[in-house]
Amino acid sequence: MKLLDISNLSVKFSGKRTVHAINNVSLSMEQGETLALLGESGSGKSVTLKALLGLLPPKRTQIDGQVHVNGTDVLGLKGKALQKYRGGEVSMVFQEPALALDPVYTVGHQIAESVMRHKGIDKANAMATALDMLDRVRIPSANRRLHNYPHELSGGMRQRVMIALALACKPKLLLADEPTTALDATVQIQILLLLRELQKEFGMGVIFVTHDIGVAVEISERVAVMYAGQIAEEGTTREIIRDPRHPYTQGLLAANLHDVARGARLNAIPGAPPALESKPDSCAFAPRCPVAMPECRAALPPVFEPGPRRRVACLRANEPIAAE
Amino acid sequence: MSVTDYTPTIDTGGPAQPLLTVNHLRKYFPVRGGILGRTQAQVQAVDGVSFAVAKGETLGIVGESGCGKSTTAKLLIGLTEKDAGEIIFDGHALGERLSLKDLRRSVQMVFQDSYATLNPRMTILASVAFGARVQGLEDPEGLARKMMDRVGLDPNRFAHRYPHELSGGQRQRVNIARALAMSPRLVVLDEAVSALDKSVEAQVLNLLSDLRAEFGLTYIFISHDLNVVRYISDRILVMYLGEVVEIAPVDSIWQEQAHPYTRSLFSAMPSMDPDNRTQTPPLAGDPPNPIDPPKGCRFHTRCRFASDVCKAKTPSLAGLARNQAHQVACHLYDSTSGHPQAGQGIPA
């Protein structure tokens, strides 16, 4: 059974302004896979995660399409079933652990609470699980840290606690929303390597949302590049890095400055992403694209599949080498 | 905007005199607590920082949060008052022959948060013209319009808009225009591109390079992104817990990082190579608290090569044997320090 199967997911926010945040996204994952959702602010990567956990405000959100996690129809979940699913089957690590953790309970208490809820065991056993989890996320002197409040921990330590909390109930799918963006460089790499180890140890699937292509390379086997609420390109990390086919992916890679000559003029993508007030009916990237043709502005781009589980939503993706 | 509209203050010392020299700059922030609000501890944000920036040069400052890079920037333009140390701009020491107002005519700053640094009730034109008006320059609004045009914001479209109507990239262009409207000679860019999306960041970096060439600007460019700093800078200064640990020309430091901390910082950069991913983190744990920094070399608590002398004695900056312009503060490079591997550098 597939771990994740999203088909034709669309999310529209209404209110003062209408925003078509996600437009016909289809995506699937096998058990134990790691996928990076790569994109800039407003590309719909975080909204995708929130839809997976049923965290979008129902009053102002219109969701179409299907989302299945391990065969469960996520969009149909309500009440008790939704509670059991969140934190049990699927859990999430947020960008700001300081905001996601409750400041008035010790970290041990917070982890234990989640275990008690989902596994129905008593507090003493739950605390033992919490201690074990703190050990597994390599928190030094875990016994003492168990009784600390979040403000007593450093940023990197808090993010480790957040990961321990998310993994305490052995979820099948872990969602990570820019979990290292707020951390320092030397701490970020520690957390990335920890997540990589834990993923192997627990055998879970991971969706890792990031705007940093370097982080995606460190953490994931596969990458899906999002733009304007759609998937522009998908493939293995190797394919995306070595052979990017979508002009947007190519632009993002160039903007990383990884091996740009000092002082050379940068090949910047002009303009800014669209506001998404209406659903895109042509290629959303065309206004910024260096190789756009009139056809790109006339209709949605076809999706090419150059290989198995590889796709590029670009009219010119099948051309040997895209012009600079 | 043409070069003739750009009216910086007169170059007094000639090209050999550094545009900015900073000597032993120090800033401690008191931590108050208790019923009486007494000072209980001090955050040693910047401690004994010295460096010089040549005319036309771009100096990059890197380091992790809490290392004092932003505090240094604020001290440079007098936004935070220094406890001790000297700031000399083109030969004139601040507080002696140079007033704060004169300094700010020549040194301008661009901050990270483009929204928080613009007054939400002022139009873009009013914001850009504000500094020039305060300094009593001629025709501040005309100057502002020209500068807006120069940074890629059509004054006819944007002059009467408010900050919330602009995107992040556009707002950062406004901030750059506002800084340049004063015709400064030195611009301090504190994480100025960090909050922007990658594709927009590249546009702004291109703009900054163009402006530097056109107006002969000198930059101090603060960032946590080493790739960006390498791209734009001539020299890089590395800070750790309020102190300078290494300062070197970009090519030299890129080739070989001398200080163990710099080396860790560089190895923490994502590999960008799916076949050769990072296997072990270069450092364990988070940086220590600057309230009570370690004695001796402040990095010794996390350094693989630390010995007793590192705990006792603070190393001072000195040029490397292979390149005197590449300076490092580490006992490993000082043959008289008493470190077991003194004078040998980082063991292979």
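How much area do domain 1 of chain A and domain 2 of chain A bury between them? Keep that question in mind, everyone, while I say one thing about what you see above: this is a predicted model. Now the answer: the two domains bury about 1,100 Å² between them, and 62% of that is on carbon and sulfur atoms.

Let's stay with chain A for a moment. The domain assignment gives domain 1 as residues 1–89, 173–187, 197–259 and 266–324, while domain 2 covers 99–170. So that you can picture the contact, here is who takes part: 14 residues from domain 1 of chain A and 13 residues from domain 2 of chain A. Their centres, taken over C-alpha atoms, are separated by 30 Å.

What holds our attention at this boundary? Two salt bridges are found across the interface of these domains of chain A. If you want a pair to find on screen, try E197(A) and R138(A), which form a salt bridge with their closest N and O atoms 2.2 Å apart. Four residue pairs are in polar contact between domain 1 and domain 2 of chain A, both residues being at pLDDT 80 or more. On the domain 1 side, the elements that give two or more residues are α2 (79–85) and α8 of chain A. Of these, α8(A) gives the most, with five residues. By class, that side of domain 1 has seven nonpolar, three polar and four charged residues.

Now over to chain B. Here the assignment reads domain 1 as 18–233 and domain 2 as 239–333. The centres of these domains of chain B, over C-alpha atoms, are 27 Å apart. Their contact takes 25 residues from domain 1 of chain B and 19 residues from domain 2 of chain B. The area buried between them is about 1,700 Å², with carbon and sulfur atoms giving 66%. Three residues stand out here: Q44(B), E64(B) and L226(B) supply 31% of the area that domain 1 of chain B buries against domain 2, more than any other three residues.

One of those names comes back straight away. E64(B) forms a salt bridge with R302(B), the closest N and O atoms being 4.0 Å apart. In total, two salt bridges are counted between the domains of chain B. There are also seven residue pairs in polar contact, both at pLDDT 80 or more. The domain 1 side of this contact draws two or more residues from each of β2 (38–53), β3 (58–62), α1 (69–76) and α8 (226–232) of chain B. The largest share, 10 residues, comes from β2(B).

While we are in domain 1 of chain B, let me show you T218(B). It sits in strand β8, residues 218–222 of chain B. Is T218(B) buried or exposed? Its relative accessibility is 1%, so T218(B) counts as buried, the cut-off being under 20%. Leaving out residues up to four places away in sequence, T218(B) touches several others, including L19(B), V53(B), K55(B) and R185(B).

Next, the two chains together. How many residues of chain A are in contact with chain B? The answer is 46, and they meet 41 residues of chain B. Together the chains bury about 3,800 Å², 50% of it on carbon and sulfur atoms. On the chain A side, T186(A), L257(A) and R262(A) supply 18% of the area buried against chain B, more than any other three residues.

Between the chains there are five salt bridges. One to look up is R242(A) with D275(B), whose side chains meet at 2.5 Å, N to O. Polar contacts across this interface come to 25 residue pairs, both at pLDDT 80 or more. Among the elements that give two or more residues to the chain A side are α7 (155–167) and α9 (213–219). The largest share, eight residues, comes from α8(A). You may remember that α8(A) also gave the most to the domain 1 side within chain A.

For a single residue at this meeting point, look at G214(A), in helix α9 of chain A. G214(A) touches N256(A), P270(B) and M272(B), again not counting residues up to four places away in sequence. With 2% relative accessibility, G214(A) counts as buried.

Finally, a pair of backbone curiosities. Most residues other than glycine have a negative phi. L276(A), in the loop between α11 and β11 of chain A, has a positive phi near 60°. D139(B), in the loop between α3 and α4 of chain B, also has a positive phi, near 45°. Thanks for listening!

Note on methods
Residues are numbered from 1 along each chain as its sequence is written. Chains are lettered from A and ligands numbered from 1 in the order in which they are written. This is a predicted model: local features need pLDDT of at least 70, side-chain atom pairs count only at pLDDT 80 or more; totals for chains, interfaces and linings use all residues. Side-chain values use heavy atoms; hydrogens and water are left out. Helices (H or I, at least four residues) and strands (E, at least two) are DSSP runs, numbered from the N terminus. Buried means under 20% relative accessible area, exposed over 50%, partly exposed in between (1.4 Å probe, protein chains only). Contact means heavy atoms within 4.5 Å. Buried area is the accessible area (1.4 Å probe) that two parts lose on being put together, summed over both. A polar contact is a pair of N or O atoms within 3.5 Å; within protein, one must be able to donate a hydrogen and the other to accept it, and residues adjacent in sequence count only if both atoms are side-chain atoms. Domain bounds come from an automatic or database domain assignment. Ala, Val, Leu, Ile, Met, Phe, Trp, Tyr, Cys and Pro count as nonpolar, Asp, Glu, Lys and Arg as charged, and the others, Gly among them, as polar.
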